[in-house]
Every structure is written in structure tokens, then in C-alpha cells.
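Trainee: Got a minute to go through a structure with me? I'd like to talk about backbone oddities and charged pairs.

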Amino acid sequence: MTAVDERMIAVFQDHPEVFEGYKIELLRGDIVMMAGPDWVHNLIVLSVQDQIRGDRWYRVQTQDIAIPGEASEPQPDLVVIEKGAFQGPGRLVPAPAVTLLLEVVSKSSIDADYGLKRSMYAAGQVPAYLIIDPFEAVCVLLTKPKGQGEEADYDVELTTAFGLPVPLDALGIKLDTSEFGTLPKFKRHRRP
């Protein structure tokens, strides 16, 4: 951790009110701050959460994940953990305890959700990573992680249009996407 990181953490701990309304993540050594999510985004997360059985699974928002071998502490939009897989305590849940991670794409998170986090979650051996994109009206389910570090990826990718069910085999459900809201398309910024 650098001196800048340590100062940033100290400011965050001493003055949390400054960061109210922001989502803050550590992604491969970079501190990333984003504005709070859109209403459509929140309703999608809530819909997914409500469709996953609470008697078998913890369905947690605003939970930081620890990825072995990574200088990262991402905070997915939804973390699904089988009850008994992690008991806590602590702010960080180890990625190997996680069954599914969900990210709902926003304008500011699109590159990280489709690229950086895909690689990070695969490196953490998270069995299923679901990207829900309200701009394109699709769900992208990634399964079968392989590899390590920045070269990690998922072997299987299933893209499903909103309105069709997404088979979440890891959870034993078919996700109903028929009521997911959409957002107007925008020109995507692409990194070199």
C-alpha cells in the first residue's frame, strides 16, 4: 500500500460523511469512487435478490470481497453465498466462499464490469459471475473460471436478452428477467 492509499484510508475513516453516496472499491491497486446507482439499477438488483431463496443463500449488497493474490477489494452489486460457506466476522468475504457475483452495468462501471472484474472474479475462482446490462437489455452469465491474475477468465459465456430466463444452475434457479428496466443506450468509452 502506498502513502497516498494510507492517507486516503485515513481520510475515509476520519471523515466518512465526505464519501456519503459514493461506492468505493479497491481494484488491482486503484481506488475507484463512483456515484450512487440509478433507480433502474437498484430495482434490477432487488429483483435478482428476491428471486434467490433466502433459506439456502445469503444475498448481500455492499459486501467487499477478498480475492487471493489480488490487490483488490471489489464491492459487487450483489454477493450470493451458500449459508455455512462463510461465517465471518469481518468486512471482507473470501472469493472462494462465494457462489455468484452480480454487477449491474452503469455508464461509469461498464469497462470494469465487462473487463477488469471479469478477470478478477475468475482469478478468485468465483463459480458464476452475472453481468446485467440495462443499456443493451442483456444478461451475460460467465461460468467455469480458469487461470490466475490478469490472465484469468471464464470458459463459458451465455448472453440472454431481457425477457428470457437466465439459467443460474449454481443456484438451482432460472432467473426471470421480464421485468428488468432498461436505460437509453450511450456511446461506450473504450480503453486502448
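**Backbone quirks and salt bridges**

Mentor: Sure, let's start with K185, which is exposed, with a relative accessible area of 61%. Keep in mind that this is a predicted model.

Trainee: OK, so which residue forms a salt bridge with K185?

Mentor: Look in the loop between β8 and β9, because that's where the partner lies, while K185 sits in the segment after β12 (173-175). The closest N and O atoms of the pair are 3.5 Å apart, which fits the 4 Å cut-off for a salt bridge. The residue paired with K185 is E136.

Trainee: How many residues apart in sequence are the parts that E136 and K185 tie together?

Mentor: E136 belongs to the loop between β8 and β9, and K185 comes in the segment after β12, so the pair ties together separate parts of the sequence. As for exposure, E136 counts as partly exposed at 40% relative accessibility. The separation is 49 residues.

Trainee: Staying in that loop, which residue has a positive phi of about 55 degrees although it is not a glycine?

Mentor: Most residues other than glycine have a negative phi, so a positive value catches the eye. The residue is placed in the loop between β8 (128-133) and β9 (138-146), and counts as partly exposed at 24% relative accessibility. That's A137.

Trainee: And K144, is that residue buried or exposed?

Mentor: K144 also has a positive phi, about 60 degrees, without being a glycine. K144 lies in strand β9. The relative accessible area is 55%, and the cut-off is over 50%, so K144 is exposed.

Trainee: Where's the cis peptide bond involving P89?

Mentor: Most peptide bonds are trans, so a cis one is worth a look. P89 is in the loop between β5 (78-82) and β6 (92-94). Omega is near 0 degrees for the bond from G88 to P89.

Trainee: That loop has R91 too; which residue forms a salt bridge with R91?

Mentor: R91 lies in the loop between β5 and β6 and the partner in the loop between β4 (64-66) and β5, so the pair ties together parts that are 18 residues apart in sequence. R91 counts as partly exposed at 46% relative accessibility, and the partner is partly exposed at 24%. The closest N and O atoms are 2.8 Å apart, and the partner is E73.

Trainee: Which residue is linked with E73 and R91 in a network of salt bridges?

Mentor: Start from the pair you've just met, R91 and E73, with a salt bridge between them. The network of salt bridges links both of these with another residue, D64.

Trainee: What N to O distance goes with the salt bridge between R56 and E82?

Mentor: This pair links distant parts of the chain, 26 residues apart: R56 in the loop between α2 (39-51) and β3 (57-60), and E82 in strand β5. R56 is partly exposed at 35% relative accessible area, and E82 is partly exposed at 31%. Their side chains meet with an N to O distance of 3.1 Å.

Trainee: One more: which side chain makes a polar contact with the side chain of S109?

Mentor: S109 lies in the loop between β7 (100-104) and α3 (110-123). With a relative accessible area of 6%, under the 20% cut-off, S109 is buried. The contact is 2.7 Å, and the side chain on the other end belongs to D113.

Note on methods: Residues are numbered from 1 along each chain as its sequence is written. This is a predicted model: local features need pLDDT of at least 70, side-chain atom pairs count only at pLDDT 80 or more; totals for chains, interfaces and linings use all residues. Side-chain values use heavy atoms; hydrogens and water are left out. Helices (H or I, at least four residues) and strands (E, at least two) are DSSP runs, numbered from the N terminus. Buried means under 20% relative accessible area, exposed over 50%, partly exposed in between (1.4 Å probe, protein chains only). A polar contact is a pair of N or O atoms within 3.5 Å; within protein, one must be able to donate a hydrogen and the other to accept it, and residues adjacent in sequence count only if both atoms are side-chain atoms.
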